[in-house]
Amino acid sequence: MRIDSSTTGDSRESLLDVAALRADTPGCREVVHFNNAGCGLLAAPVLATMLDHLNLEARVGGYEASAARAEQVRGFYTEIAALTGCTPDNIAFAGSATHAYSTALSAIPFEAGDVILTTRNDFISNQIAFLSLRKRYGVRIVHAPDTPDGGVDVAAMAALMRSHRPRLVAATHIPTNSGLVQPVAEIGRHCRELDLLYLVDACQSVGQYPVDVAEIGCDLLTATCRKFLRGPRGSGFLYVSDRVLRAGYEPLFIDMHGSRWVEPGRYQPVESAARFEEWEFPYATVLGCAAAVRYARQVGVDAIARRSPALAARLRDRLAAVPGVRVLDRGPRLGALVTFAIEGWRPEPFKAALDARNINSALSFREFAQYDFGDKDVDWCLRLSPHYYNTEDEVEEVAAAVAELAGRRAGAR
Ligand SMILES: Cc1ncc(COP(=O)(O)O)c(C=O)c1O
């Protein structure tokens with residue numbers, strides 16, 4: 001992979017050698033992949049790392065292979081720590097962002113009447129988890145209002161922090177259902193001032209923007225590796241701050257990896273965030289994640305953060321000009337997720353028409369975003385999410401395909 005060399009196409013702002021990055025990405029030869037918010041395309045070195053480890057497991061045995069690669073496994077923690085601005089001891093591997101999130105929630109000793117303060121754009125599974133906590137423990141869920149332009153009203157949220165003294169403040173950096181980028185660091189400043197426990201879902205932002213846990217001021221942060229980090233499926237991580245580790249938070253179901261059974265009647269949690277992990281690991285996946293994060297850092301997260309949202313902004317502009325298309329993304333800052341409604345089509349046939357053109361996309365439904373889609377008065381939308389290895393030509397191709405389909409409206413019948 002060559003980076004920081006010539007620019008290609010009209011990616012004038014970009015320092016990235018997009019042609020080289022695409023050559024490094026086998027999927028670019030097969031599809032127009034605008035579903036990075038679902039799952040990014042693996043880069044060749046990431047794939048090679050995983051296949052190599054699976055081969056080693058087959059040859060020498062699974063336990064023996066992980067012992068032989070202990071140093072490289074450690075690379076998972078050092079790479080994520082370098083990416084997010086913490087130490088390797090603050091990072092736990094998780095099989096998904098949702099697993100990381102529920103493990104973190106399980107560590108909080110909620111009591112009846114405790115308040116969880118969150119936003120109207122937090123991720124569907126997080127909202128369901130809060131509702132489940134309400135059902136079991138009688139916690140109260142308070143949603144901070146949005147500003148008229150979209151995105152959470154931080155001043156109103158801070159006022160709710162003061163009046164409710166929540167047990168937990170939770171915010172999703174970039175929701176799954178729109179291009180909105182929430183001001184998580186501003187929220188964090190209020191949490192630090194008031195010493196409130198703060199959990200951030202950075203699933204869609206790691207690999208797309210710089211994510212620095214100190215700057216955000218969070219206690220806990222969750223993410224997947226498969227989306228904008230371009231890691232393998234079935235992987236994610238949880239950041240746990242020193243504050244939280246020192247305070248003794250531990251997951252409800254801690255195992256023999258997260259703790260030591262020191263006496264028949266007592267266990268002792270380990271000092272680090274490994275307390276939030278389980279003993280069994282998919283080692284090929286863990287090594288693939290390390291390779292993916294190393295790759296993203298070599299490409300340069302700042303350069304990625306300039307290019308991916310810029311491609312999305314270009315796509316938004318093109319789509320906004322198409323009759324029958326309503327771009328739904330609102331907010332002062334928009335990232336690499338583009339969502340829109342289209343007249344005259346039902347969801348599945350519309351997506352299938354894009355699939356038939358080799359264009360990868362995703363559907364979002366009202367159920368994924370009850371508040372946001374209620375406010376926007378839509379039942380579904382199509383989501384297109386380019387990444388830095390996509391090209392301006394692909395943006396034009398995708399926009400032209402949508403325009404053609406909007407003209408045809410064949411799916412209406
Ligand atoms: C904002 C956000 N949070 C959390 C998740 C859940 O991630 P996972 O599927 O790895 O559990 C997603 C997945 O789309 C997401 O978009």
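Reader: Which residues come nearest to the ligand?

Author: A residue counts as near a molecule if its C-beta atom, placed from the backbone, lies within 6 Å of it. Here 13 residues surround the ligand, and S96, A97, T98, T176 and C203 come nearest. The model is predicted: local features need pLDDT of at least 70, side-chain atom pairs count only at pLDDT 80 or more, and totals for chains, interfaces and linings use all residues. Residues are numbered from 1 along each chain as its sequence is written.

Reader: How many residues does the largest nonpolar core have, and which have the most contacts inside it?

Author: Such a core is a set of buried Ala, Val, Leu, Ile, Met, Phe, Trp, Tyr and Cys residues joined through C-beta atoms within 7 Å. A residue is buried if 20 or more other C-beta atoms lie within 10 Å of its own, exposed if 12 or fewer, and partly exposed in between, with C-beta atoms placed from the backbone. In this model the largest core has 89 residues, with V169, F237 and L238 having the most contacts inside it. Helix α11 (residues 283–299) supplies the largest share of this core, 12 residues; helices are DSSP runs (H or I, at least four residues), strands likewise (E, at least two), numbered from the N terminus. A second, separate core of 31 residues includes I174, V181, L328 and L382.

Reader: What fraction of the chain is buried?

Author: Buried residues account for 49% of the 413 residues. The secondary structure comprises 15 helices and 15 strands.
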